[in-house]
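User: Could you walk me through one piece of packing in this model, and then how the chains meet? I'm new to this, so please explain the terms as you go.

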4 protein chains.
Amino acid sequence: MQNIVDSIYQEMRSRTDRGKVANYIPQLACVDPNQFALTVVTPEGKVYSAGCADTLFSIQSISKVFTLTMALGKLGDALWARVGREPSGDPFNSIVQLEHESGIPRNPFINAGAIAIADAIMGHNEPKESLAEILHFVRFVANDESISIDEKVAQSEMMTGSRNASLAHFMASFERLENPVEKVLGTYFHHCSISMTTEQLAKAGLFLVSNGTNQNTGSRVVPEHRARRINSLMLMCGHYDGSGEFAYRVGLPGKSGVGGGILAIAPGKASIAVWSPGLDKIGNSKLGTEALEMLVHETGWSIFGH
Amino acid sequence: MQNIVDSIYQEMRSRTDRGKVANYIPQLACVDPNQFALTVVTPEGKVYSAGCADTLFSIQSISKVFTLTMALGKLGDALWARVGREPSGDPFNSIVQLEHESGIPRNPFINAGAIAIADAIMGHNEPKESLAEILHFVRFVANDESISIDEKVAQSEMMTGSRNASLAHFMASFERLENPVEKVLGTYFHHCSISMTTEQLAKAGLFLVSNGTNQNTGSRVVPEHRARRINSLMLMCGHYDGSGEFAYRVGLPGKSGVGGGILAIAPGKASIAVWSPGLDKIGNSKLGTEALEMLVHETGWSIFGH
Amino acid sequence: MQNIVDSIYQEMRSRTDRGKVANYIPQLACVDPNQFALTVVTPEGKVYSAGCADTLFSIQSISKVFTLTMALGKLGDALWARVGREPSGDPFNSIVQLEHESGIPRNPFINAGAIAIADAIMGHNEPKESLAEILHFVRFVANDESISIDEKVAQSEMMTGSRNASLAHFMASFERLENPVEKVLGTYFHHCSISMTTEQLAKAGLFLVSNGTNQNTGSRVVPEHRARRINSLMLMCGHYDGSGEFAYRVGLPGKSGVGGGILAIAPGKASIAVWSPGLDKIGNSKLGTEALEMLVHETGWSIFGH
Amino acid sequence: MQNIVDSIYQEMRSRTDRGKVANYIPQLACVDPNQFALTVVTPEGKVYSAGCADTLFSIQSISKVFTLTMALGKLGDALWARVGREPSGDPFNSIVQLEHESGIPRNPFINAGAIAIADAIMGHNEPKESLAEILHFVRFVANDESISIDEKVAQSEMMTGSRNASLAHFMASFERLENPVEKVLGTYFHHCSISMTTEQLAKAGLFLVSNGTNQNTGSRVVPEHRARRINSLMLMCGHYDGSGEFAYRVGLPGKSGVGGGILAIAPGKASIAVWSPGLDKIGNSKLGTEALEMLVHETGWSIFGH
């Protein structure tokens, strides 16, 4: 496995077309596009890394996997009255569908959906408490108390987050949010600003590899059926309007973030985190996707074969 | 396995809310909604059936799995210039996306996409020759020479197929079709009118269970990577705007037809065909979906766990 | 008045940016773009022309004014159950709105609406009879028995009319048409292929200038309130998604055709026909619009002033 | 004229189906639906009123006529880079078009357009200064220094204005606003909260009746061509997706507000203000529209006849 990981790293190092770093948030725009990291963790916790696997990056929308997991824990199936579970066929920040469907987002991974999830998690708590809870959960699943929020990124997002503000106010106009828009956005922008290394992130995905239990730490995070469902949502909706492409090329449940990270789950086999800041046109990590494609090709881990 | 299949059949027999039989085609509208059949076939060809597993039904859109397979064989990746591979988020017969994307259908399983696929298969042949070819292929993968087209259903579709005619003319207006609209529709309506039993259909899906090879007959149908990709397309787009729901509840690549059939693939495990004519609101078999949900629950075959 | 008309003609003769001749119909594509004609007819029938005012051109969508008038005569307000009367905000051949509003076109002047009007006029007649009736009506309002259909243009449209075929089949799929699609399209394509000179066309518009009566011939064509309403529909919807622009710049009810003609009505003042084959981006005559802008500037005929 | 006005008032008094008072703003929801006022003012300033013509009501979107006039005075045609001038075919608060057209509103009278206009008027001023300027302008055209803003309504709108906040943030995400969203909304909500009587409002419309000059006071407000263009925009877009209906039934340029008021302009004839709080489904005053329909029927003032 280490050989495979190393060879992917070598291949990716040589690539010149690395996509474009997200430029809408100043703090993300200044990240060096030549960085690359890949970590594969097996169910028992064996770690295979290459590249800068201990460099922190902004996980951005990958955090939505963790908030979805928390929201399902808190509300169970009642969550589905607030957000759908169909692929949207639209870009991550589209508002069109929201108007046609009366303010209910199509799925938990488009921005509007994740804002609805943040609202659901909050209950009647303040953003501070909610964020403490989210951080606590991410640290728990990753088994790493050092994980934290990059406050500069969060501030940067707050100031440039007009589109997300628009989505939140839009949902509020349909009375779909229980908390004030500003507080929900505060929570949302902050949980998107969690920083992790590929090693931390891959470990945090382990519970989805083994039917809900982190075999390495021995802790059950979610029931078996829920782990499967989260994986199905990642596959169907985890890459916005590039989800079909990712399923076609990689064939693993995965969730991308505009920071250039991707978390991918090979059930029973491994949790994989990859990071390369350059994005493709849809907003998913260009080299990250290609690295996963190579990995699946080498390992045969696609969920569509056996 | 036979016990599981039998118990599902018993459960489904007792259901009173069976959905609504498709009424837009007279020939489908008069099918008895109380029928139910389930067949599970293992890679080596062991067959487990319950219900009327030797009753012929109209496979309708399930035929799109076979025409997609043929088109990929003929055109390879060049096919993707004619049709996309993203879930549409829209009903099976929506034309909105087609206008926004200049006549290129979002994926091969919505009606517009399947019409484009029919056109691609035809080359410059007449519908008759193309249909002979399609039938030949379906008989080959099912290893059953008796499979044929129900001409009455095809005629019935031709006369009521205004929406599909509209989709085809729309694509033609963007010069996306190589053959005359009438001929393409003739081919399309006829291949949708293939009749099969659940036993025939489950056998026809075997090549998708075993990485492209029908282990039972020993014939390779498609290369390994293509089998995976077809499975991924089935999962992402096989149930129209209910694909997310199906992935969430069942967790297997599947393709439904308005005749009430569903073909589902559990890679490495089994090919499954289920039939119950009553449909849910989106147009997928109501009891068929529930039966598959039970089956996956009993067997743990979801591709999202292990 | 003749001086004004002449000076506009001189100005337009010198223009080099004349727009682009419609190229989707072969018969229209080969028209010489350097032609220009302008005719102003007063209520009493005084004619002021410049340019090739006796050259026949294809009136295309301008014919929709006459078919709308006929349909209102036949069905009265019952017509509005089949077609709306709001501007669409979409291009002339958009199908999106049609899906959102269940096959009922937004207004009588977009293509879908005019197809619905053709169907309404037909009753249970054959296209031949309906076309005879339409021609009879146009000859009557223009007081000119020589007006006829250009069969070559009609054939040309039939063969290239995929988008209109798509619209018609789409409406048929919602059971919005009483006649078979082919017959309705036959009627529609033929009435769009009526050839007229600007002089004939301007005369044909006289009944809309004088509250429903052609003062020149003395014949009442429609009641007063209906003439006003037809004018309002022309203003609101007569130039597709350029209607607002036309109202803003010209300020007269008008209807354009892709043949490069425009019929404009200055209530109480004059009926105006202009023809120049080059179109702007939206599909309205470029110089025709500019000529009308000049005319209104010189005469003060805008309905928005006094 | 007084007889006509009185008879309309009598007729409207007897109506029982009065539409529904806007309920999304508490301050508007508690207005008595049985009120009705109609004022007709001739170019020379003769006033004909019936009903509670000296009762103040919230003019709401009618204020957009005045802010558009101001913005055209400040920016001239440069304004049209920020907002279009086509009817939208969508409800007043739709966001769909805004996404398809990159944050540029279709016209100045839908909410998004009016927010863009408010931003344009502000320059780099604070809301307070901008509002003073707007009030000053409205008092000037109405020749009435007593006109003011209802602060309670403004506060009420601020607190319930999620949809407008969404629209503004959406435009901001395309960098279409020069001022901070909160300030633009502050200006917008306040100018919508101007209170006027029908008498004040009808007088304020006089400059649009007489080609830009208030003949009564003798002051020129806008050049002739601009008065016409504002009238054309009112006709095309003044009643949202009911503009076609209003043009068809009434045939005068008009602007409605959810407070139940309508300002209508009969060029050369009269400025008309009507108020009845109950709205039709689209959000325009039900009895107000019917009263105008009666008035035009009696007077023949439709701009589509003569």
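Analyst: Let's start with a definition: helices (H or I, at least four residues) and strands (E, at least two) are DSSP runs, numbered from the N terminus. An axis is a line fitted to C-alpha atoms, for helices over the stretch in contact, and angles run from 0 to 180 degrees between N-to-C directions. This is a predicted model, where local features need pLDDT of at least 70, side-chain atom pairs count only at pLDDT 80 or more, and totals for chains, interfaces and linings use all residues. Residues are numbered from 1 along each chain as its sequence is written, while chains are lettered from A and ligands numbered from 1 in the order in which they are written.

Now look at chain B. Helix H1 (residues 2–13) and helix H14 (residues 286–299) of chain B have axes that come within 10 Å and cross at roughly 145°. The crossing of H1(B) and H14(B) is right-handed (the near helix is turned clockwise from the far one by less than a right angle; anticlockwise would be left-handed). On the H1(B) side you'll find Ile4(B), Ile8(B), Glu11(B) and Met12(B), and their partners in H14(B) include Leu287(B), Ala291(B) and Met294(B). Contact here has a cut-off: C-beta atoms, placed from the backbone, lie within 7 Å. Sorted by class, the contact of H1(B) with H14(B) has seven nonpolar, one polar and two charged residues. (Nonpolar covers Ala, Val, Leu, Ile, Met, Phe, Trp, Tyr, Cys and Pro; charged covers Asp, Glu, Lys and Arg; the others, Gly among them, are polar.)

On to the meeting of chains D and A. Twelve residues from chain D and twelve residues from chain A take part. On the chain D side, helix H4 (96–100) and helix H8 (162–173) are the elements that give two or more residues, and H8(D) supplies the largest share, eight residues. That side of chain D splits into five nonpolar, five polar and two charged residues.

How do these two chains relate? Turn chain D by 180°, with 0.0 Å of shift along the axis, and chain D superposes on chain A with RMSD 0.0 Å (a least-squares fit on C-alpha atoms of residues with pLDDT of at least 70 in both copies). So the relation is that of a two-fold axis. In chain D, the C-alpha of Ser166(D) is nearest the axis, 2.0 Å away. Both copies use the same surface, as 100% of the contact residues of chain D recur in chain A.

Chain D touches chain C too: 33 residues of chain D contact 34 residues of chain C. H12(D) gives the most to the chain D side, nine residues.

Terms used: Two residues are in contact if their C-beta atoms, placed from the backbone, lie within 7 Å.
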